[in-house]
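Me: I have a model open here and would like to talk through one helix pair and one side chain. Can you take a look with me?

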Amino acid sequence: MIARGEAEVPGDKSISHRVLFLAALAAGRSAFRGALAAGDTRATAACLRALGVEVSPLSDGHAVRVAGRGLRPFRAPRGVLDCRNSGTTARLLLGLLSGHPFGATLTGDRSLRRRPIGRVAEPLRAMGAAIATAEGGRLPATVRGGPLRPYEHASPVASAQVKTALIFAGLVGGVPVTVREPVVSRDHTERLLRFLGVTVKVAGTAVTVHSVEGIPAFEGKVPGDFSSAAYLLAAAVAAESGELAVRRVGVNPTRTGFVAALERMGARLDVVDRAAYLGEPVATLVARPAALRAVEIGPAEVPSLVDEVPLLACLAARAEGTSVFRGVGELRVKESDRLALVARNLVALGVRAGSEGDTLFVEGTDAPPRGCVTTAGDHRLAMAFAVLGTVPGAAVALDDARCVAVSYPHFFRDLAAVLHHA
Ligand code: S3P
């Protein structure tokens, strides 16, 4: 394959969720361009509408408009709030609802109903919310907010969803919140709040947000999603020749561990044309083919590349030597058990790989990957293995290609547009 040309990817999923929620809390009407129009962010928009917030339809090329209703914006919903496949929607909403004085029930699809919500529900209960979850701390969950108390939480996991849910609860409840993490997770919430004039204190891995009088309405553009760009860039690295530039991608350092990992594997990405959108760094990323060597990934860098582990594992399948990913246990509670499925699918394609506890190993090979991939409806598995399916001689079939619509609806179109047969 030859990788060629320029691409742009859809708006950042994490930032789009946050922008939608914070715009609901703002005083007045906000409008922003570039928000992700995909399954997960549509779930957030639909929940906001069910809670009485006016949100215009999410569609490519159109600005999204949100009519903010102030710091406690929600009305009691009539039905159950369906977060579909979106963990960010469920966890962040649980935080926001914890400061509202009515009952609401959250649920999601089968994948989301197996994911842990207790990591958010427990600290929110300690703040004063009444939350009942299904067995094992899962969805459906019913929350009744109450007067909240100031809270300092030492989170056992580095999770931006936990951190953001608690910060959001503090904003709605009018109380200060501190969240300490073992390693700093993505800091989009902190950056966006600062962009909106809210003081955010950071001390080591702890972040504190005090109560505010209000949040101003805002405008701006959402950066392209680094995690989506990573698939196209990886396809260019695995190609035989050419050069690919992906423009206007968010390059927040808490998200770009993939760049550093690729560098250790022998592939350099150029970062040019830097800019800033909504308080976030943005740049053009340029990738070229490279001969890859195995990599070791350690626990401290995992939060910065957590969503790129399946993709890195697929690249590791083409690298010389055995790659080891340590401290990646969080992947077991993503949209699927990504650790088990990455290993199982690589084996199904003829690659030696395995997972045990919170470790994954992958032995690189020159043999073309051939076989069927079980995605379990997980968008990131589908896209990672689709990239592996572009190497010479590959024949990779996905059992479900449509699940990419969760975060990157036009993924296959964009991938085909940048790759050309030699
Ligand atoms: C996200 C945080 C990450 C990430 C997810 C989106 C967010 O999860 O895997 O895709 O928007 O905050 P955790 O921070 O819970 O690990």
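Reply: What follows is a short conversation about a helix packing and a serine in this predicted model.

Me: At what angle do α8 and α13 pack, and how far apart are their axes?

Reply: Helix α8, which covers residues 226–238, packs with helix α13, residues 411–418, at an angle of about 30°, and their axes are 10 Å apart. Because angles under 35 degrees count as roughly parallel, α8 is roughly parallel to α13.

Me: Is the crossing left-handed or right-handed?

Reply: The crossing in which α8 passes α13 is right-handed.

Me: And which residues meet there?

Reply: From α8, Tyr231, Leu232 and Ala235 take part, and they meet Phe411, Asp414 and Leu415 of α13. By character, the residues of this contact of α8 with α13 divide into five nonpolar and one charged, with no polar ones.

Me: Changing topic, where does Ser227 sit, and is it buried or exposed?

Reply: Ser227 lies in helix α8, and with a relative accessible area of 0% Ser227 is buried, because the cut-off for that word is under 20%.

Me: What do polar contacts join the Ser227 side chain to?

Reply: The side chain of Ser227 is joined to that of Arg255 by a polar contact of 3.0 Å, while a polar contact of 2.8 Å joins the side chains of Ser227 and Glu308.

Me: Leaving aside its neighbours within four places in sequence, what is Ser227 in contact with?

Reply: With those neighbours left aside, Ser227 is in contact with Asp307 and Arg380, as well as with Arg255 and Glu308.

Technical notes
Residues numbered from 1 in each chain as written. Predicted model: local features only at pLDDT ≥ 70, side-chain atom pairs only at ≥ 80, totals over all residues. Heavy atoms only, no water. Axes fitted to C-alpha atoms, helices over the stretch in contact; angles between N-to-C directions. Helix = DSSP H or I, 4+ residues; strand = E, 2+ residues; numbered from the N terminus. Parallel < 35°, antiparallel > 145°, perpendicular 65-115°, else oblique. Left-handed = near helix turned anticlockwise from the far one by under 90°. Contact = heavy atoms within 4.5 Å. Nonpolar A, V, L, I, M, F, W, Y, C, P; charged D, E, K, R; others polar. Buried < 20%, exposed > 50% of the residue type's maximum accessible area, 1.4 Å probe, protein only. Polar contact = N/O pair within 3.5 Å; in protein donor to acceptor, adjacent residues only side chain to side chain.
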